[in-house]
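Here is a relaxed walk through a structure you may not have met before. Have a look at the sequence and the 3D view first, and then read on.

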Amino acid sequence: MNEQELHGKLSGAGVAGLGELDTTGPDPFVVVEGSGIRPVLSFLRDDPTCRMEMLHLVTGIEREDRIEVAYHVSSLEHHHSLTLKVVFPRPEAGGHDDWRPGVPSVADIYPAADWHEREQWDLLGIEFEGHPDMRRILLPDEWIGHPLRKDYSYPSEHGGIPLELDAVPMYERGPDWEREEKVRKAKKEERKAGTPLRQPPAPGSDRPHAGGQAPASSKGQRHVIEPHSGDDDDGKSGAH
Amino acid sequence: MYAVEEKNDVFTEELKLNLGPQHPSTHGVLRVELKMDGEIITASRCDIGYLHRCAEKIGENVTYLQFTPYTDRMDYLASMNNNLAWSLAVEKLIDVEAPERAQWIRVIVAELNRIASHLIAFGTYGIDIGANTPFFYAFRERESIMALLERPSGARMLYNYIRPGGVGHDVDDQWLADVLAFCDEFERRWKEYNTLLTNSHIFIKRTANIGVIPKDVALAYGCTGPVLRGSGVKWDLRRDVPYLKPYDELEFDVPVGEGTHGSLGDCWDRYWVRMREMMESIRIIRQACPRVPDGPFMDKKTSGMYKTPLKPKPGEAYVRCENPRGELGFYVVSEGGTSPIRCRTRAPSFCNLAVLDVLLPGTMIADGVAIIGSLDIVLGEVDR
Amino acid sequence: METIISFVGEQFGLEGVLALSIAYAVCIGSLLGFITVYAMFAIWMERKVAAHIQVRYGPMETGAWHGWAQSVADAVKLLFKEDLIPRSANKVMFLAAPAVVFCGVFAGFIAIPFAAGVQIVDLDLGVFFIIGIAAIEVIGVIMAGWASNSKYSLFGAVREAAQVVSYEIPTAVALLVPILVVGSFRLGDFNAFQEEHGWLIFHNVWMPIAALCYFISSLAGCKRAPFDLPEAESELVSGFHTEYSGMRFSFFFLEEYASMFVAALLVSTLFFGGWTLPFLDVTSWPYGLAQGVGMAVLLVKTFFFIFVQMWLRWTLPRMRVDQVMGLGYKYLVPWGFAALVGTAVFEYYGWRFVPGVF
């Protein structure tokens, strides 16, 4: 069966919460209401003509105006597969890092979903209601925030170890080599002047929250790079 | 010195054992918390994430082409297959198909890398069981494969060779001839492995009836690859959902577990599936090498993206590939920009590892090591 | 020993305690030297054997010829390595354990005859003494495992205790078979007997069984693969010596190779003729030459069995705990007893082979 027939089958069975089939992209998908994901998946798994034995993936996708949770299921017996999606529109107010959409967990229907849901909670902050063991999976338990969110604020320290705030992450650097050169030069100057290595970035910094909690007042405790000559100039020395 | 004051001073309790993250046989930095009753495991809990390198976050910040080298580093033992899956996902998104020649080259390098990856699985499994020698035999052949793959790609392990639109460089006829020569050599060596390890009585005793994954459990937990086939499910994407055209035209079998020495789906079955898959890969390579057609090795339209970043239409693509460890899936969501807004990976090791907590309770610690080894995980892929 | 005492008395006129202590010092010094040099050689040999089994060369650079000085370099490195003691370890026991372990094996060497008369003490109960004193090693290993305050060490120690103590039974039973034939526990008597009647392994049909039983259980006693459960690198990191480093670690190493030597030597002495060769009668040769040749013959035999031990280690996978125990109690002990009873019957009737069958 292709996606069209599967969608027809689902709507024919009268499963609650079923939405439309979207065929605009290369991969069609079926939109499902949050409350309908469990009955739909149960039906797909148990119906002899569908027989979706395997759940491949649970994915959270954050977009401008919404967060989507996608489920990829497929059948080994009938060689067909289907993508289901639950959509959460972003609320008008407060729809940022602290907004955690909730969707019913399917870990008891597909045990495979257990770890996938934990990962989506860990990285995207999607709550799976009724999950047996909702802990972080990849990040440490004490981690704050969900790093795959677009407005995730990078921490200034972790476990008492200050993270390098001066360094521009490679993926933020992009192809702008001039900017990197500028940063490197500024660092070199700073080092020659003997100023403390870690300082809050300039107010015009475009990186969100960067250095917001930087311990600027702790001059005495920080490592101070001695202005010795012949120093390497690639900014490695910040990694104390 | 330490006098026992009361008689009921002597008592037994469960011992909590941390297997890993630094342990010789967790294949990287896996940590398993075990509750032990003597030698027997009563409960286990996997703890992963020690090798988390934010690959998905990086994927959202680099261009489509720039992400290809990062896929190398996920399953670093089967980089070609990872490149392949990513390239296919991007190609699906931009609606491009690689030229014929590129497809055949892809098949050959992917199968070569599959053999190399299974050789590691075979060698390290021997070490897990306590036989050190197979490892060196496996590495001898892997060395030849790496030398072969180095010639077109320039790298030995992290190739970045298969790229969206085709392959990085062309191969010559001499290379194809050398690949065929390697196939003959390997067939002879493969028999040595079986003499050394497969048919060893102690090895069979250690792996048969250990870590049995029934068919329904394997499906429910989303196990794929040799783990699923070891449980007797004849499912191979190369055969069932051919993601490259040549796979449709090639002849090969899908080895499945048969419960030869114990129950269906035990460690020995998984191991034996891998061993036979190597020979199937050899069969595929043998057929593919003479059939590589002439023509371009890179799609003209796509090669433009090496100058200006690619901007696919908004949409999403999910592509699955049969990796040595199972089905690798890339779910790429584009909103029209130069980089995807979501770049989700379905890592086969991640899904296969989830079944570990079900298998471990009730086994001995030595069996636990054998089970972890038989799942053949790569932590780079589990944690991404 | 007596030779040295009388030699000291004749040459220097020393008697009593002084002569005795000089004799002890010479004996123990030469024994220590022998064990150290032997262990270095055996480690080099192990690396070479392993390497050639594993299609590689092994050490080739250190020293001029095939890396012969590799073990010397390793020993120097181990000597100068930092001697780490875990903070939460029980210090006294942690420090004492390697010494206890080494003492057990070292004491066993006292009763070993290398050639006719080349022996420190010719004990009446030589065989009994060697396998008895080697059991002290278990105490040391348990001390090491417990004092390290590491769970892996504890696992290794408990496994060692269970395994080695269990395998004492098949070891002893299998050794009783040649003892029954010879009628003596004195190791020198075995050589004399075999000089006269031929190698004991060919004495009757039960002997090969007893020899095999003994060899397998001695592998377990030495913690060699496939019975290296107490160390079990892939399971227990490094077993009972996980926390040891430097010289203390090397004591455990030394102990392993020394006990391999004892086991191999017992096999060659008890079953394979000791220092005798079936076609070469050296008893009439001059004193020094006979001893030299005898020693060489014995060492060649011993190193052959050490080679077999290494060969097995690099070929076979490791067994599981319950399988090791099962092998010991279900196969080796019954077969050992069968060999013992069978030999007794055969000796009584004077048979060599099963009459009427072959």
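Reading chain A from its N terminus, you meet its elements in the order α-β-β-α-β-β-β-β-α-β-β-β-α-α. That makes five helices and nine strands. Keep in mind as you look around that this is a predicted model.

Chain A has 240 residues, and 45% of them count as buried. If you take the contacts in chain A between residues at least 6 apart in sequence, 51% of them join residues at least 24 apart. As for the outside, chain A exposes about 12100 Å², with carbon and sulfur atoms supplying 51% of that area.

**Salt bridges**

How many salt bridges does the structure hold over all chains? The count is 68. Here are three of them, each with the gap between the closest N and O atoms.

| Residue | Partner | Closest N and O atoms |
|---|---|---|
| Lys85(A) | Glu316(B) | 2.4 Å |
| Glu192(B) | Arg140(B) | 3.1 Å |
| Lys223(C) | Glu255(C) | 3.3 Å |

Start with the salt bridge between Lys85(A) and Glu316(B), whose closest N and O atoms are 2.4 Å apart. This pair crosses between chains, running from strand S5 (residues 81-89) of chain A, where Lys85(A) sits, to strand S6 (residues 315-323) of chain B, home of Glu316(B). Are the two partners buried or exposed? Lys85(A) counts as buried because its relative accessibility is 0%, under the 20% cut-off. Glu316(B) is buried as well, at 3% relative accessibility.

Next comes the salt bridge between Glu192(B) and Arg140(B), at 3.1 Å for the closest N and O atoms. It links distant parts of the chain: Glu192(B) belongs to helix H6 (residues 173-198) of chain B and Arg140(B) to helix H5 (residues 133-153) of chain B, 52 residues apart. Glu192(B) is partly exposed, with a relative accessible area of 31%, and Arg140(B) is partly exposed too, at 22%.

The third one in the table is the salt bridge from Lys223(C) to Glu255(C), with 3.3 Å between the closest N and O atoms. Lys223(C) lies in the loop between helix H9 (206-221) and helix H10 (233-236) of chain C, while Glu255(C) is in helix H11 (residues 246-270) of chain C, so the pair ties together parts that are 32 residues apart in sequence. Lys223(C) is buried, with a relative accessible area of 1%, and Glu255(C) counts as buried at 0% relative accessibility. Elsewhere, salt bridges that share partners join Arg63(A), Asp65(A), Arg66(A), Glu68(A), Lys85(A), Glu316(B) and Glu335(B) into one network.

**The nonpolar inside**

The largest nonpolar core has 162 residues. Which members touch the most other members? They are Leu44(A), Tyr71(A), Leu84(A), Ile108(B), Leu112(B), Trp175(B) and Phe186(B). Helix H4 (residues 100-129) of chain B provides the largest share of this core, 13 residues. There is also a second, separate core of 70 residues, and its members include Ala174(C), Phe190(C), Val267(C) and Leu340(C).

**A covered helix in chain B**

Helix H3 of chain B covers residues 79-94, which is 16 residues, and it reaches 23 Å from its first C-alpha to its last, close to the expected 22 Å. Is H3(B) mostly covered or mostly open? It is mostly covered, with 15 of its 16 residues buried. Just after H3(B) comes Asp95(B), which takes a positive phi of about 55 degrees.

**Two stops in chain C**

His203(C) has its place in the loop between helix H8 (187-197) and H9 of chain C. It is buried, with a relative accessible area of 16%. Setting aside neighbours within four places in sequence, His203(C) is in contact with Val181(C), Phe193(C), Glu347(C) and Arg352(C). Of these partners, Val181(C) is 22 residues away from His203(C) in sequence, and their C-alpha atoms are 8.8 Å apart in space.

The last stop is on the surface. Trp65(C), Trp68(C), Val72(C), Val76(C), Leu79(C), Phe80(C) and Met247(C) form a nonpolar patch there, with about 770 Å² of accessible area together. Helix H3 (residues 70-80) of chain C gives the most to the patch, with four residues. Val76(C) is found in that helix, and it counts as partly exposed at 39% relative accessibility.

Methods: Residues are numbered from 1 along each chain as its sequence is written. Chains are lettered from A and ligands numbered from 1 in the order in which they are written. This is a predicted model: local features need pLDDT of at least 70, side-chain atom pairs count only at pLDDT 80 or more; totals for chains, interfaces and linings use all residues. Side-chain values use heavy atoms; hydrogens and water are left out. The expected span of a helix is 1.5 Å times one less than its number of residues. Buried means under 20% relative accessible area, exposed over 50%, partly exposed in between (1.4 Å probe, protein chains only). A salt bridge is a side-chain nitrogen of Lys or Arg within 4 Å of a carboxyl oxygen of Asp or Glu. Contact means heavy atoms within 4.5 Å. Accessible areas come from the Shrake-Rupley method with a 1.4 Å probe; for residues, only the protein chains shown count as cover. A nonpolar core is a set of buried Ala, Val, Leu, Ile, Met, Phe, Trp, Tyr and Cys residues joined through side-chain atoms within 4.5 Å. Patches are made of residues with over 30% relative accessible area and no salt bridge: like charges are joined within 9 Å, nonpolar side chains (Val, Leu, Ile, Met, Phe, Trp, Tyr) within 5 Å.
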